[in-house]
Amino acid sequence: MPIEPAIVVQNLSRHFGTFKAVDNLSFAVKRGEIFGFLGPNGAGKSTTIRMLNGLLLPTSGAGRVGGFDIIKENDRIKEHIGYMSQRFSLYEDLTVSENLDFFGGVYGLSTERLRERTTEVLRLVGLENRRHDLTRTLPLGLKQRLALASAIIHEPSILFLDEATSGVDPISRRNFWDLIYAMAAAGVTILVTTHYMEEAEFCDRLVLIYQGRVVAQGAPRELKREVQETILAVHPDDLDGALHLLKGLPQVVEAAVFGDGLHVAVTDPAAAERGIEEILSAHDIALRRRPEPVRPSLEDAFIALVQRAGK
Amino acid sequence: MNQRRAWAVFRKELIHIRRDPISLAQVILLPVMLMLLYGYALTFDIKHVTLAVYDQEQSQLSRELVKRFQSNEYFQFIGYTKSYEELRDLITFRKVQAGLVIPYDFSWQYQSGKTAGVQALVDGTDSNTANIVLGYVQGVTTPYSEQLLMQRLRTKGPAKQESPVNVQIRFWFNESLESRNYIVPGLIAVIMTVVGALLTALTVVRELERGSLEGLLATPLKKTELLLGKLGPYFFIGMFDMFLVMALGKILFEVPLRGSGLLLIGLSAIFLIATLGQGLLISVQAENQLQAFQMAMLSTFLPAFLLSGFVFSIYLMPLPLQIVSYIVPARYVVTISKGIYLKGVGLQVLWPSALMLGASALFFVGLAIRKFEKKIR
């Protein structure tokens, strides 16, 4: 007997008048998985999360979160999930423990249990010796950890992280992901929405959303394999000038700035290399290195997949 | 409805209040400051003071006196009463503003060369108005008295004459015409408006501004629990302020509480709920704290101060403002408060005001909740 997935969504749609924010979404999230929801702003990520949280009713379609129906049992869902958004939802003029007390009370924890859990989560996120500090005084990275602690105070089996790392420095972000891994290892299902491509790499599986529709689903590895073109890394002296020229080449499918060079997607690497070198030398743009194929990044994959979907 | 969740919100709100010393100071200092700031000398031109007369004698002399009042443009003669009780009731129920009692031996006193006294009864709950009415009454009786004096001099010669007619004035309900006696009851309304509407509007808007509401919605917290927890502390603060005003009124100013304190507390609590509703409504409509403040000042505080009968008598306002005052809830609680404090009356007299108060509470709270729900979507 197969184990029921933690989250399952079938043909989920949400319209606002004529605007289709979410259009016929279907996917499933296994228990204990770190599932990524990737897409640009306005793609429909937040709307989907709201439907899964029981905050918004779908226009059509169905879904189950933690075994509860998102339409009929959305009250029950709220008791078993944790939610953390980029706004953190913390009260600045409350202390660390007062914030946790509040959320614990809201989730119905008994005084006894709340005391235990507060100690546990503070230890988990490393804030034990800041218990009585005003939240206002915490640096952003610590606030983020406190927000996470508040979201898991009631030991939810499913955690929604909605752009939860926006605006946080890379080191704090790394520490945050360590916490997420720890929780996933303990069996918590985690759904992450992000528009940072490198965070998507941390997920077990991904779903790519664009204009409300699923563009692709799968593990990051698999999605990168979807890229059929070869990606050449090109390092010209004049980035802007080269970009403009290369985009016009027939062998080039797509070109974009990547780091200190360009990533150029081509169908025929050998022919493309020749074409690139010709046109650049014709315009007096030197190459610091020879163009070489690189493994496609998730960003490359995303762009390619979106383009393909657009056709 | 889960009490534990509502209680969690309530407790958090108390922490917010505690950590905001400015709001806290306002809430405690304001009643005290307003109490000490009394002393409004206000005059409006008072015309057509309604007058009823209990003429025990019904002689030519008494009718002459009454005719003087009837022909005076400052008075509006309503009619004669058949008893003292009837006259008293007319004043109590505010059917007339002043009454005149002419004793049965009025003419006899005059004929025998003594001073004939009449009694003028004036509703003293607004001591400013009462003073003015006093002036008007004397404005009628003094010339009449002088005229009679002239007549007597002509007929009887310049012997020692007593002033023929003299008016003994009693101010009912507020004998000493202490302005503080009518400031204190009305103050309760103003204070509650500040706490209930102004403070509430500011704090709920702050929460909405902050965007922390989004996180709350993903929790099992229900809307009713959120509202109860958020508004609860302000209800208790408002009631505390009310007790503070009542206590200070008794201790500092010896304002007498003649009616039922329990009734006053009960009806004031209903008024407080109405103002909380107004505060919530404002916080849903306003986009930020500044707007909330302005809206609260304009729609609750100023009307409570100016149009409720707190200091300025409604009956003396121009008609358009009188009409507007009907939709100011503070007006009803001021009537009730003064009635219980100074007149010692109960629900038999105050039931229309109590009814309007209840209706306004239901209206504002109901409307506010509906708008709040819509905003959350």
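**Two chains, read against their definitions**

Modeller: Chain B is built from 14 helices and five strands. The model is predicted. Of the 377 residues in chain B, 41% count as buried.

Biologist: Why is V192(A) called buried?

Modeller: A residue is buried if 20 or more other C-beta atoms lie within 10 Å of its own. V192(A) has 25 other C-beta atoms within 10 Å, so V192(A) is buried.

Biologist: Where in chain A is V192(A) found, and which residues does V192(A) touch?

Modeller: V192(A) belongs to strand β8 of chain A, residues 189-194. Leaving out residues up to four places away in sequence, V192(A) touches I34(A), F35(A), G36(A), F37(A), L161(A), E199(A) and C203(A). The C-alpha atoms of V192(A) and V29(A) are separated by 11 Å, although these residues are 163 residues apart along the chain.

Biologist: What makes β3 and β9 of chain A a pair?

Modeller: Two strands pair if at least two bridges are found between them. Strand β3 (residues 34-38) and strand β9 (residues 205-210) of chain A have four bridges, so they count as a pair, and the sense is parallel. F35(A), for example, has R205(A) in β9(A) as its bridge partner.

Biologist: And what makes β4 and β5 of chain A a pair?

Modeller: Strand β4 (residues 60-65) of chain A is joined to β5(A) by two bridges, so the requirement of at least two is met. These strands run antiparallel. One of the bridges links R64(A) with D69(A) in β5(A).

Biologist: Which sheets do these pairs belong to?

Modeller: β4(A) and β5(A) are in an open sheet of four strands, ordered β2-β1-β4-β5 (chain A), with antiparallel pairing. β3(A) and β9(A) are in an open sheet of six strands, ordered β6-β7-β8-β3-β9-β10 (chain A), where the pairing is mixed.

Biologist: Why are β6 and β10 of chain A said to stand at the edges?

Modeller: β6 (81-85) and β10 (213-218) of chain A each have a single partner strand, so one side of each is left without a neighbour in the sheet. On average, neighbouring strands of this sheet are turned by 15° against each other, with direction ignored. In the four-stranded sheet, β2 (19-29) and β5 (68-69) of chain A each have a single partner strand, so these stand at the edges.

Biologist: Which strands does α1(A) touch in the six-stranded sheet?

Modeller: Helix α1(A) packs on that sheet by touching β3, β6, β7 (158-162), β8 and β9 of chain A, and its direction makes about 155° with that of β7(A). Helix α1 (residues 45-53) of chain A also lies across β1 (7-16), β2 and β4 of chain A, at about 120° to β1(A). Helix α6 (residues 170-185) of chain A lies across β3, β7 and β8 of chain A, running at about 150° to β8(A).

Biologist: What are the domains of each chain, and how many Å separate their centres?

Modeller: In chain A, the assignment gives domain 1 (7-217) and domain 2 (228-295). Their C-alpha centres lie 40 Å apart. In chain B, it gives domain 1 (3-37 + 178-376) and domain 2 (49-172), with 44 Å between the C-alpha centres. The contact between the domains of chain B takes eight residues from domain 1 and five residues from domain 2. On the domain 1 side, α13(B) gives the most, with three residues.

Biologist: Which residues touch the most other members of the largest nonpolar core?

Modeller: They are A149(A), I190(A), A189(B) and A201(B), in a core of 155 residues. α7(B) gives the most to this core, with 19 residues. Residues up to four places away aside, A201(B) touches G279(B), I282(B), S283(B), A286(B), A292(B) and A296(B). Another core, of 30 residues, lies apart from the largest one, and Y54(B), A98(B), I102(B) and A130(B) are among its members.

Biologist: How many residues does each chain bring to the contact between them, and which element of chain B gives the most?

Modeller: Each side is made of 18 residues, 18 from chain B and 18 from chain A. α1(B) gives the most to the chain B side, with seven residues. By class, that side has seven nonpolar, six polar and five charged residues.

Notes: Residues numbered from 1 in each chain as written. Chains lettered and ligands numbered in written order. Predicted model: local features only at pLDDT ≥ 70, side-chain atom pairs only at ≥ 80, totals over all residues. Domains from an automatic or database assignment. Contact = placed C-beta atoms within 7 Å. Core = buried A, V, L, I, M, F, W, Y, C linked by C-beta atoms within 7 Å. Buried ≥ 20, exposed ≤ 12 C-beta atoms within 10 Å, placed from the backbone. Nonpolar A, V, L, I, M, F, W, Y, C, P; charged D, E, K, R; others polar. Axes fitted to C-alpha atoms, helices over the stretch in contact; angles between N-to-C directions.
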